[in-house]
Amino acid sequence: MTTYSFPENFMWGGATAANQLEGAYNEGGKGMNLADVMPGGKVRLGVIGNPGFDFKIDHEKYVYPNHTGIDFYHRYKEDIALFAEMGFKTYRMSIAWSRIFPQGTETEPNEEGLAFYDRVFDELKKYDIEPVVTLSHYEIPLYLITEYGGWRSREVIGFFERYATTLFNRYKNKVKYWLTFNEINGATHIPLLGLGFSPESEETRLQDSFQGLHHQFVASALAVKAAHEIIPESQVGCMLVYAPTYSFDSNPQNIMHALQEQRVFNNYCGDVHVRGAYPAFATRYFKENGISLDIQEGDLETIKDGTVDFISLSYYMSRTEKKEKTPEEVGQGNLIGGVKNPFLEASDWGWEIDPEGLRIALNQLYDRYQVPLFVVENGLGAYDKVEEDGSINDDYRIDYLRSHIAAMGEAIEDGVELMGYTPWGCIDLVSASTGEMSKRYGFIYVDKHDDGSGSFERSKKKSFHWYKNVIDTNGKEL
Ligand code: BG6
């Protein structure tokens, strides 16, 4: 196998999000957030809007595996020690907004919430693990949803700015790398998830979600500016779910359709974040889709002044498109549709496996923007079997990760500037789409099950030892 040369300071690590691992959903003065109330912890419900959703916790009807998560809130020391044993240089995590501002609207933060993350950062520091912190990962405070309509409202920009600046001031000596909105471009597909509202109908989905995105762009730019002022050495990235869009075949109609999907889904948010301006293709797209943005005075200047330092992305799969598709042809990707690609195998959850797509993604992004890239999510959700002797032989996960790391190695050879790699769910956690524990991504197994049972005991999978060696050899031995 080819040997790859990763940069000396390459940030190897792993990634998680607060709502999927912390648990302690009603401890430490935390307020309720979107993830807490989604039925069965299925954070990604409401694909085409769900205005009737009543945002109530119903213990009679549902199990909420994310309410206890994997109990990271109480076990973070043990988990960070395991990350350190694997040699992590970095750990991508998120802060639960409602731990800091329980409703989102307070003027003073919740000290208990701030102190929790202080403890986590101090523990990481003990092992020289650099935190990369997402400000907002699918868990807008519930009060902002029910009282303000989420990011539909401009007022949320100010609440977010206060939240972000509170974090920058508090953690200025502990956190240098920040990400603003997780998978921001997924918002038009599942508005409830990232934007905290369900459009009235399919007809208003695009208008509403592009307006919500405009508010997030302004908020992100304000956060970037504040981070640079408060923490001069900070680096702030945007976060995209990136799925390079292939045409199903060489029919020019399909190629144009794929290009248009590529622009609207993959490029639109990156263009605004990195170039600081709306892309040219947006004008026609808005016109043809009846979208008219309320852009207030100063917004475009704010966006221009708050461009990001790097792009972070999640990569799970590519997407294949054709203009006319039957329902049977539609695949079941992560947030995104597309049709089945005859050249690719899929995971047990129907997510197509395409390592070459990661090389393509990185090249596309670097060709377009020439800013450093950071793969902050990638991985295989799979069923794991605990053998009688307690071992977990997850060779399928090793194969998946090996091929994707090789693809990054190729992209680096191609000239792409890549900062690091934090595979998703480095420790098993609750799935965002299904609320399951059995959809596992981790190097570390957690004894917790879909029905909520389990001891929370941690154990090392075969991939734990494999990834440790990958880090030890800086990617030379895969
Ligand atoms: C990404 C999200 O889209 O995919 C994560 O940022 C999520 O929150 C991950 O967990 C994997 O998706 P799932 O549905 O398998 O948990």
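The shell around the ligand comprises 6 nonpolar, 6 polar and 4 charged residues in this predicted model. In total, 16 residues surround the ligand. The closest are Arg44, Glu183, Ala432, Ser433 and Tyr441.

Polar side chains approach oxygen atoms of the ligand. In serine 433, a polar side-chain atom lies 2.5 Å from a ligand oxygen. For histidine 137, the distance from a polar side-chain atom to an oxygen atom of the ligand is 2.8 Å. Asparagine 182 places an N or O atom of its side chain 2.9 Å from an oxygen atom of the ligand. Cover by the protein is complete: of the 380 Å² of accessible area that the ligand has on its own, 100% is covered.

Histidine 137 also pairs with asparagine 19. Here the backbone oxygen of histidine 137 is involved, at 3.1 Å from a polar atom of the asparagine 19 side chain. Histidine 137 thus has a polar side-chain atom 2.8 Å from a ligand oxygen and a backbone oxygen 3.1 Å from a polar side-chain atom of asparagine 19.

Asparagine 19 belongs to helix H1, which spans residues 18–21. Its relative accessibility is 9%. Asparagine 19 therefore counts as buried, the cut-off being under 20%. Neighbours within four places in sequence aside, asparagine 19 is in contact with Ala35, Val43, Asn66, His137, Tyr138 and Glu139.

Methods. Residues numbered from 1 in each chain as written. Predicted model: local features only at pLDDT ≥ 70, side-chain atom pairs only at ≥ 80, totals over all residues. Heavy atoms only, no water. Near = heavy atom within 4 Å. Polar contact = N/O pair within 3.5 Å; in protein donor to acceptor, adjacent residues only side chain to side chain. Areas by Shrake-Rupley, 256 points an atom, 1.4 Å probe, with all protein chains shown as cover. Nonpolar A, V, L, I, M, F, W, Y, C, P; charged D, E, K, R; others polar. Helix = DSSP H or I, 4+ residues; strand = E, 2+ residues; numbered from the N terminus. Buried < 20%, exposed > 50% of the residue type's maximum accessible area, 1.4 Å probe, protein only. Contact = heavy atoms within 4.5 Å.
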